[in-house]
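The questions below ask on what grounds each structural label is assigned. Each reply sets a value against its definition and then concludes.

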Amino acid sequence: MNAVADPAPVTFRAATTADIDAIVALVESAYRGDVSKQGWTTEADFLEGQRTDPVSVAELIGRNHSRVLLAERDGVLLCCCHVERLSQDGRAIGYFGMFAVDPTQQGSGVGRFVLAEAEKVAHEEWGCDEMQMTVITIRDSLIAWYERRGYVRTGVLKPFPYGDARFGIPKRDDLQFEVLAKAL
């Protein structure tokens, strides 16, 4: 009987400017167009157009106390996110965003590993006692996924940036964000 080899472990690293095109391609594939519908995180049913662009990703990579975190297996990009240290009411909080898992890898557990690594960066490296994010309020299954990982809905709502094509072109007029938070 032949044993099936375990897959190589997932490794993490900070993105560099050399990774920008791969990050943009991953984020677009996870959220926009037909390929995104292979996974469960698609926004293609209520947003079209771009999700991010090279200029925006480069800006995130270049900020102080900001990291675009990549998860790879055997050098293949599986997932990315952006984590940043912000100041709120005199305390350091982490902000989590631009979370994208390759649609063919969604449901494999890699997203959980990346979220945990981002929380570790925010808490252990930057001294943050809370992680926050914004999620479009109609994303019930995504919000439920975060709630299972300890995030709570805060009731704090933020407007969707209608008219700014950098964030996509809405197909409906009721989009807004809610802040989710978790104590670290």
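Q: What is the bridge partner of Glu84 in β5?
A: The bridge partner of Glu84 in β5 is Tyr95. Strands here are DSSP runs of E with at least two residues, and helices are runs of H or I with at least four residues, both numbered from the N terminus. The model is a predicted one, in which local features need pLDDT of at least 70, side-chain atom pairs count only at pLDDT 80 or more, and totals for chains, interfaces and linings use all residues. Residues are numbered from 1 along each chain as its sequence is written, and side-chain values use heavy atoms, with hydrogens and water left out.

Q: What makes β4 and β5 a pair?
A: Two strands pair if DSSP finds at least two bridges between them. β4 and β5 are joined over 9 bridges in the antiparallel sense, so they satisfy the definition. In their hairpin, with 2 residues between the strands, Asp89 takes a positive phi near 55 degrees.

Q: In which sense do β5 and β6 pair, parallel or antiparallel?
A: β5 and β6 pair in the parallel sense, over 2 bridges. Tyr95 stands opposite Gln132 in β6. From β5 the chain crosses through α4 to β6, and this β-α-β crossover is right-handed. That term applies if, with the strands pointing away from the viewer, the path from the first strand over the helix to the second runs clockwise.

Q: Why is β5 called largely enclosed by the rest of the structure?
A: Buried means under 20% relative accessible area, exposed over 50%, and partly exposed in between (1.4 Å probe, protein chains only). In β5, 8 of the 11 residues are buried, so the strand is largely enclosed. For β3, 6 of the 8 residues are buried, which leads to the same description.

Q: Which strands pair with β3?
A: Strand β1 (residues 11-14) runs antiparallel to β3 and is joined to it by 4 bridges. β3 also pairs with β4 in the antiparallel sense, over 8 bridges. Phe12 has Ala71 of β3 as its bridge partner, and Ala71 in turn has Cys79 of β4.

Q: Why is Lys171 called partly exposed?
A: Its relative accessibility is 46%, and Lys171 therefore counts as partly exposed. Lys171 lies in the loop between β8 (169-170) and β9 (176-183).

Q: How do you know that the length of α1 agrees with its number of residues?
A: The expected span of a helix is 1.5 Å times one less than its number of residues. For the 12 residues of α1 (residues 20-31) this gives 16 Å, and the end C-alpha atoms are 17 Å apart, which agrees. Of these 12 residues, 9 are buried, so α1 is largely enclosed by the rest of the structure.

Q: What makes a group of residues a nonpolar core?
A: The definition requires buried Ala, Val, Leu, Ile, Met, Phe, Trp, Tyr and Cys residues joined through side-chain atoms within 4.5 Å. The largest such core has 44 residues, and Ile23, Val68 and Phe96 are among those with the most contacts inside it. Its largest share, 7 residues, comes from α1.

Q: Why are the buried residues of α5 said to line one face of the helix?
A: The buried residues are Leu142, Ile143, Trp145 and Tyr146. Seen down the axis of α5, they fall within an arc of 155 degrees, so they line one face. The arc is that of the directions from the helix axis to the C-beta atoms.
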